[in-house]
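Hi,

Here is the structure I said I would pass on to you. Have a look at it first, and then read my notes underneath.

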Amino acid sequence: MSAVDALLEAARAGLDRVTPLQAAEIQRDGGLLVDIRYAELRERDGTIPGALIVERNELEWRLDPTGAHRAPQATGHDLPVVVVCNEGYASSLAAVSLRQLGLHRATDLVGGFQAWRAAGLPVRG
């Protein structure tokens, strides 16, 4: 197993990863979906309506509820957050990083945006 595969496996062991339907339910119940895909992918494939767009390199600064550069949606450490990448790999590592900031309900979407779209859930653009 490669080092990055081991890192990913360890990250996922600490997450309660969610399916697209579960992510939609979390969003419906007031949780936050955070799309960390880069602009080219969003332009090519579209976005999830209502998801906060934060590219991966800004994620911790924008989601830290105690930070000066936080997004208005980053309301507290108890906020349910589902991180969405393209296929569900980078989002696992990103969710662990958010948990290290104290966002103890952070997780990620199994299969990423591609799984969301394949499930027939709404996509804008």
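Below is what I found, going from the strands to a helix that packs on them and then to the charged pairs. One thing to keep in mind throughout is that this is a predicted model.

**The strands**

Strand 3 is a good place to start. It pairs with strand 1 in the parallel sense, over four bridges, and Leu-32 stands opposite Val-81 of strand 3. Strand 3 also pairs with strand 4 (residues 106-108), again in the parallel sense, this time over three bridges. There, Val-82 has Thr-107 as its bridge partner. To get from strand 3 to strand 4 the chain passes through helix 5, and this β-α-β crossover is right-handed.

Which side of strand 3 is covered, one or both? Both faces are: Val-81 and Val-83 are buried on one side, and Val-82 and Val-84 are buried on the other. That fits the usual pattern, since in a regular strand the side chains alternate between the two faces of the sheet.

**Helix 2**

Now have a look at helix 2, which runs over residues 20-28 and has Pro-20, Ala-23 and Ala-24 buried. Seen down the helix axis, these buried residues fall within an arc of 100 degrees, so they line one face of helix 2. As a reminder, an α-helix has 3.6 residues a turn, so residues three or four places apart point the same way. The cover over the buried residues of helix 2 includes strand 1 (32-35), strand 3 (81-84) and helix 6 (112-118). After helix 2 comes Gly-30, with a positive phi near 105 degrees.

**Charged pairs**

Side chains of opposite charge can pair when their charged atoms come close. The count here comes to seven salt bridges, and I picked out a few.

- Asp-35 and Arg-37 form a salt bridge, with their closest N and O atoms 2.7 Å apart. Asp-35 is buried, at a relative accessible area of 1%, and Arg-37 is buried too, at 2%.
- Glu-55 and Arg-42 meet through their side chains at 3.6 Å, N to O. This pair links distant parts of the chain, with Glu-55 in the loop between strand 2 (52-53) and helix 4 (59-63) and Arg-42 in helix 3 (residues 39-45), 13 residues apart. Glu-55 is partly exposed, with a relative accessible area of 29%, whereas Arg-42 counts as buried at 17%.
- Asp-45 and Arg-117 meet in a salt bridge at 3.5 Å, N to O. Asp-45 belongs to helix 3 and Arg-117 to helix 6, so the pair ties together parts that are 72 residues apart in sequence. Asp-45 is buried, with a relative accessible area of 8%, while Arg-117 counts as partly exposed at 36%.

Which residues make up a network of salt bridges? They are Arg-44, Asp-45 and Arg-117.

**Glu-87**

The last stop is Glu-87, in the loop between strand 3 and helix 5 (90-100). Is Glu-87 buried or partly exposed? It is partly exposed, with a relative accessible area of 48%. Leaving aside its neighbours within four places in sequence, Glu-87 is in contact with Gly-111, Gly-112 and Gln-114. Its C-alpha atom and that of Arg-117 are separated by 11 Å, and the two residues are 30 apart along the chain.

Shout if anything is unclear.

Cheers

Notes: Residues numbered from 1 in each chain as written. Predicted model: local features only at pLDDT ≥ 70, side-chain atom pairs only at ≥ 80, totals over all residues. Heavy atoms only, no water. Buried < 20%, exposed > 50% of the residue type's maximum accessible area, 1.4 Å probe, protein only. Helix = DSSP H or I, 4+ residues; strand = E, 2+ residues; numbered from the N terminus. Arc of directions from axis to C-beta. Contact = heavy atoms within 4.5 Å. Pairing = 2+ DSSP bridges. Right-handed = clockwise from strand over helix to strand, strands pointing away. Salt bridge = Lys/Arg side-chain N within 4 Å of Asp/Glu carboxyl O.
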